[in-house]
Amino acid sequence: MKTDLEGKTALVTGGSGTIGRSIVSALATEGANVIVHYRTRENEANDVAAEIIAKGARAITIRADITVWSEVESMVDKGIAEFGSIDILVNNAASHRAGKIHKLSFESWDTVIRSCLYGTYFCTRCVIPFMLERNWGRIINISSPAGERGHPGDTAYGSAKAGLLGFTKSLAKEVAPFGITVNAVIPGFIPNDCTKFLSAKSLEQIKAGILLGRFGDPQEVADMITFLVCNGDYITGSIHHVDGGATV
């Protein structure tokens with residue numbers, strides 16, 4: 001199996017979060033240079049980069065608000081200046097705001113839509129010229145079960161994550177002639193800092209809906225992304241679930 005990303009550079013948005021840091025680490029293990037994006041978690045991002053550098057790989061951290069075009073443009077410019085290219089983009093960063101539609105504020109709606117859709121568009125728009133130039137690229141968009149099945153109180157998040165699926169399929173058709181693949185990954189329930197506040201009863205109810213009877217591990221999501229990047233030459237426009245069968 002082809003698993004060598006030596007000389008390639010990956011930009012992972014939200015690279016300091018639970019899933020993001022596993023993605024960053026997995027791609028670095030395969031030889032990629034990595035750009036760890038963060039917006040507020042500077043210490044966590046620095047920790048991720050330090051771990052990667054300690055293993056002998058190259059990594060930098062860059063702060064940016066991905067809902068602001070100029071900041072994304074600056075982030076990509078810094079990454080290119082450091083590594084010479086950006087060959088892999090993982091659109092992982094997103095903001096979540098929940099609320100029943102009659103109580104959901106415009107600000108909450110706007111925050112979610114801008115982080116998921118505008119952020120993905122801005123990052124993709126900035127890196128795609130370099131992929132087109134090299135006739136090679138890998139773009140992975142992280143969606144959510146809310147984007148496929150919906151969830152009460154998640155009209156904003158569900159709309160944004162569903163939009164990512166349409167973005168993935170349309171972009172895949174657009175850039176396939178240039179050796180660029182575009183896929184979406186939908187993680188299942190992955191315990192993180194937000195889910196630790198759920199009650200034991202709620203956790204058991206969630207687990208009962210998962211065919212394999214357990215929650216996911218961020219490394220399992222990272223493994224899927226690594227496969228698509230390293231071995232997915234003939235996979236594009238696809239949606240890949242890493243959820244233990246929760247969507248069956």
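The following paragraphs describe the aromatic rings of this predicted model and the lysine charges placed over some of them.

Four aromatic pairs are present in the structure. One of them joins tyrosine 121 to phenylalanine 122, with 5.6 Å from centre to centre and 50° between the planes, a tilted arrangement. The two partners differ in their exposure class: tyrosine 121 is partly exposed because its relative accessibility is 41%, whereas phenylalanine 122, at 9%, counts as buried. Both residues also belong to an aromatic cluster, which Trp69 and Tyr118 complete.

A further pair is made by phenylalanine 189 and phenylalanine 215, whose ring centres lie 4.5 Å apart; their planes meet at 45°, so this pair too is classed as tilted. The contact links distant parts of the chain, since 26 residues separate the partners. Phenylalanine 189 is located in the loop between strand S6 (180-187) and helix H6 (200-208), and phenylalanine 215 in the loop between H6 and helix H7 (218-231). With a relative accessible area of 17%, phenylalanine 215 falls under the 20% cut-off and is therefore buried.

Phenylalanine 215 takes part in another kind of contact as well: the charged end of lysine 207 sits over its ring, 5.0 Å from the centre. A similar placement involves tryptophan 136, where the charged end of lysine 8 sits over the ring at 4.0 Å from its centre.

Conventions. Residues numbered from 1 in each chain as written. Predicted model: local features only at pLDDT ≥ 70, side-chain atom pairs only at ≥ 80, totals over all residues. Heavy atoms only, no water. Phe/Tyr/Trp six-rings, centres within 6.5 Å; stacked < 30°, edge-to-face > 60°. Buried < 20%, exposed > 50% of the residue type's maximum accessible area, 1.4 Å probe, protein only. Helix = DSSP H or I, 4+ residues; strand = E, 2+ residues; numbered from the N terminus. Lys NZ or Arg CZ within 6 Å of the ring centre and 35° of its normal.
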